[in-house]
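Please examine the sequence and the three-dimensional structure together. The explanation below is intended to guide that reading.

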Amino acid sequence: MLNFVRTIRFAAVFGLFAGSALAQDAPPRAGLQLGIGSAGVGTGDYMALKAHLEYSRLLGQHLGTGTRLAFVGGSREDISTVYPPDPRQGGAGVNVPYALTYQAVNLEQEFYLYPFGNDKRVLFAVGGGGYAGYSNRYGAPSNRLPDPSSYATVLALDHENGLHAGYLFSLNLDVAVDPARKWLVGGKALFQNDTFGNSLATLQLKVSRRF
């Protein structure tokens, strides 16, 4: 009888230790992520800064999702040559300095596929999804000066602003830096395009804390 009681006690203690080990080995299922990097606006006309804060969750062994608030902003000074309003007048053009600028605030939703599983110390994921937000962009002025008969006193820049929506896809690589796999560092390569026709190609560094 005494041996039976000892066996029961040993099994209970072993079960507690085994359960604790399995719980520590299981990766956390949710987390917060901070990302920051450079985004090429358009076809690389100029670079902008992109930063985001993301809430992510793992869904099963090969799927995950992320919802983030993203900020984009950048500018570049340039010079454009403009000419008289009537091409028949001829004459030399005038060099006009201006600034290319782009700012946006987006709410982005992305779904991740982990082809090798999301229970590893090194995580690779392919992402895709969509976003909506507000953007403000200034581009080059017209290549013709205003008509002198009008009362225009400034040369208007190409300008668009307002609500937009778009699609995105990405490649992601994250590495756990602690035994519990709660802290991760990595990188993200992302392409997105919106209803104004503005595209961004982004490379970011990421830091994640899972819980």
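The paragraphs that follow proceed from the overall make-up of the chain to the pairing of individual strands.

The coordinates belong to a predicted model. In this model the chain has 211 residues, of which 36% count as buried. Its secondary structure consists of one helix and eight strands. Read from the N terminus, the order of these elements is α-β-β-β-β-β-β-β-β, so that the helix precedes the strands under the numbering of DSSP runs from that end.

The pairing of the strands may be followed from S2 onwards. Strand S2 covers residues 46-59 and strand S3 covers residues 63-82; the two run antiparallel and are joined by 11 bridges. Within this pair, Ser-56 has Gly-66 of S3 as its bridge partner. Three residues lie between the strands of this hairpin, and Gly-60 adopts a positive phi near 75° there.

Strand S3 also pairs with strand S4, which spans residues 94-113. This pairing is likewise antiparallel, and it extends over 20 bridges. One position that locates it is Gly-64, which stands opposite Tyr-112 in S4. Strand S3 thus has pairings with both S2 and S4. When tracing such elements, the reader may recall that side chains in a regular strand alternate between the two faces of the sheet.

Two values describe the chain as a whole. Among contacts with a separation of 6 or more, 63% are made by residues 24 or more positions apart. The exposed area of the chain is about 12300 Å², and carbon and sulfur atoms supply 67% of this area.

Notes:
Residues are numbered from 1 along each chain as its sequence is written. This is a predicted model: local features need pLDDT of at least 70, side-chain atom pairs count only at pLDDT 80 or more; totals for chains, interfaces and linings use all residues. Side-chain values use heavy atoms; hydrogens and water are left out. Two strands pair if DSSP finds at least two bridges between them. Helices (H or I, at least four residues) and strands (E, at least two) are DSSP runs, numbered from the N terminus. Buried means under 20% relative accessible area, exposed over 50%, partly exposed in between (1.4 Å probe, protein chains only). Contact means heavy atoms within 4.5 Å. Accessible areas come from the Shrake-Rupley method with a 1.4 Å probe; for residues, only the protein chains shown count as cover.
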